[in-house]
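User: I'm new to this structure and would like a close look at one part of it. Could you walk me through the sheet and whatever packs around it?

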Amino acid sequence: MRQASIERNTNETQITTTINLDGSGKYDVETGVGFLDHMIEQLSRHSLMDITLRAKGDLHIDFHHTAEDVGIALGQVFKQALGDRKGIRRYGSCLLPMDEALSRVALDLSNRPYLVWNVTFDRDKIGDMDTELFREWFQAFAFNAGMTLHVDQIHGFNNHHIVESCFKALARSIREAIEIDPRKADEVPSTKGVL
């Protein structure tokens, strides 16, 4: 089983998280930010990764530190659970509809982090969460996971649907990329021999 746990403590946030890449999509998430909880639950459910996460942050200031640090912690625990990345399919992509919204995610577990984010919102907030923080979360997650990540909004006008389709597309892409390829289960998927 590919599992890991980490604890991340700063002056702004205290986070503990555990991940099982070979889970069944079970989650137990409390960040103090309801909409962020909902998105991480979607990430778990649709990737089939089991995620337990507890975060306490300086929410009296705003949600920025909590959102970013949760992305950092989840990226770090994901990277740790992947280990040497031997046997994984490495690439994943998904075109995901949610009502009028359509999002595309493509990723490479290359250990060369990068984010391309082509998503726009016409509202400042979804629930209590600032929409600008979703890019911060995706960037923190991708950079700490060692992931090249492209996220594109193709259609959509409902902000809730747009961001939820991004998280679900990320989840489905991760599910594909972390799957063990039975034809190459003992090899790192790179001509370099290392990722």
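Analyst: Here is a walk through the sheet, starting with a little background and ending with the core. Keep in mind that this is a predicted model.

First, the setting. The protein has four helices and ten strands, and along the sequence they come in the pattern β-β-β-α-β-α-β-β-β-β-β-α-β-α. The C-alpha trace spans about 45 × 40 × 25 Å along its principal axes. With 195 residues, a compact globule would have a radius of gyration near 16 Å, and the 16 Å found here agrees with that. As for what is tucked away, 52% of the 195 residues count as buried.

Now the sheet itself. Four strands make it up, in the order β5-β6-β10-β7; it is open, and its pairing is mixed. The edges are taken by β5 (91-98) and β7 (114-118), and each has a single partner strand, so one side of each is left without a neighbour in the sheet. From one strand to the next, the twist averages 10 degrees.

Let's start at the β5 edge. β5 runs antiparallel to β6 (residues 101-108), and eight bridges join the two. If you want a spot to look at, find Leu95: its bridge partner in β6 is Arg104.

Over at the other edge, β7 and β10 pair in the parallel sense, over five bridges. Here you can look for Val116, which stands opposite His150 in β10. β7 also has two faces worth telling apart: Leu115 and Trp117 make up the covered one, while Tyr114, Val116 and Asn118 make up the uncovered one.

Next, the helices that sit against these strands. Helix α3 (residues 132-145) packs on the sheet and touches β7 and β10 (148-155), with its direction at about 155 degrees to that of β7. Helix α4 (residues 159-178) lies across β5, β6 and β10, and runs at about 150 degrees to β5.

One residue to pick out in α4 is His161. Its relative accessible area is 16%, and the cut-off for buried is under 20%, so His161 counts as buried. Leaving out residues up to four places away in sequence, His161 touches Met98, Asp99, Glu100 and Ala101. Leu115, back in β7, is 46 residues from His161 in sequence and 21 Å away in space, C-alpha to C-alpha.

That brings us to the core. The largest nonpolar core has 57 residues, and those with the most contacts inside it are Phe78, Trp137, Phe138, Met147, Leu149, Leu170 and Ile174. It is α4 that gives the most to this core, with ten residues. In soluble globular proteins, nonpolar side chains tend to be buried together. For a view of one core residue's surroundings, try Ile174: apart from neighbours within four places in sequence, it is in contact with Leu43, Ser47, Met49, Phe78, Leu107, Phe141 and Met147.

Phe78, which turned up among those contacts, leads to one last element. Helix α2 (residues 64-82) has 19 residues and reaches 27 Å from its first C-alpha to its last, close to the 27 Å expected. Of those 19 residues, 14 are buried, so α2 is largely enclosed by the rest of the structure. Right after α2 comes Gly83, with a positive phi near 60 degrees.

How values were computed. Residues are numbered from 1 along each chain as its sequence is written. This is a predicted model: local features need pLDDT of at least 70, side-chain atom pairs count only at pLDDT 80 or more; totals for chains, interfaces and linings use all residues. Side-chain values use heavy atoms; hydrogens and water are left out. Two strands pair if DSSP finds at least two bridges between them. Axes are lines fitted to C-alpha atoms, for helices over the stretch in contact, and angles run from 0 to 180 degrees between N-to-C directions. Contact means heavy atoms within 4.5 Å. A nonpolar core is a set of buried Ala, Val, Leu, Ile, Met, Phe, Trp, Tyr and Cys residues joined through side-chain atoms within 4.5 Å. Buried means under 20% relative accessible area, exposed over 50%, partly exposed in between (1.4 Å probe, protein chains only). The expected span of a helix is 1.5 Å times one less than its number of residues. The radius of gyration is taken over C-alpha atoms; the globule rule is 2.2 Å times the number of residues to the power 0.38.
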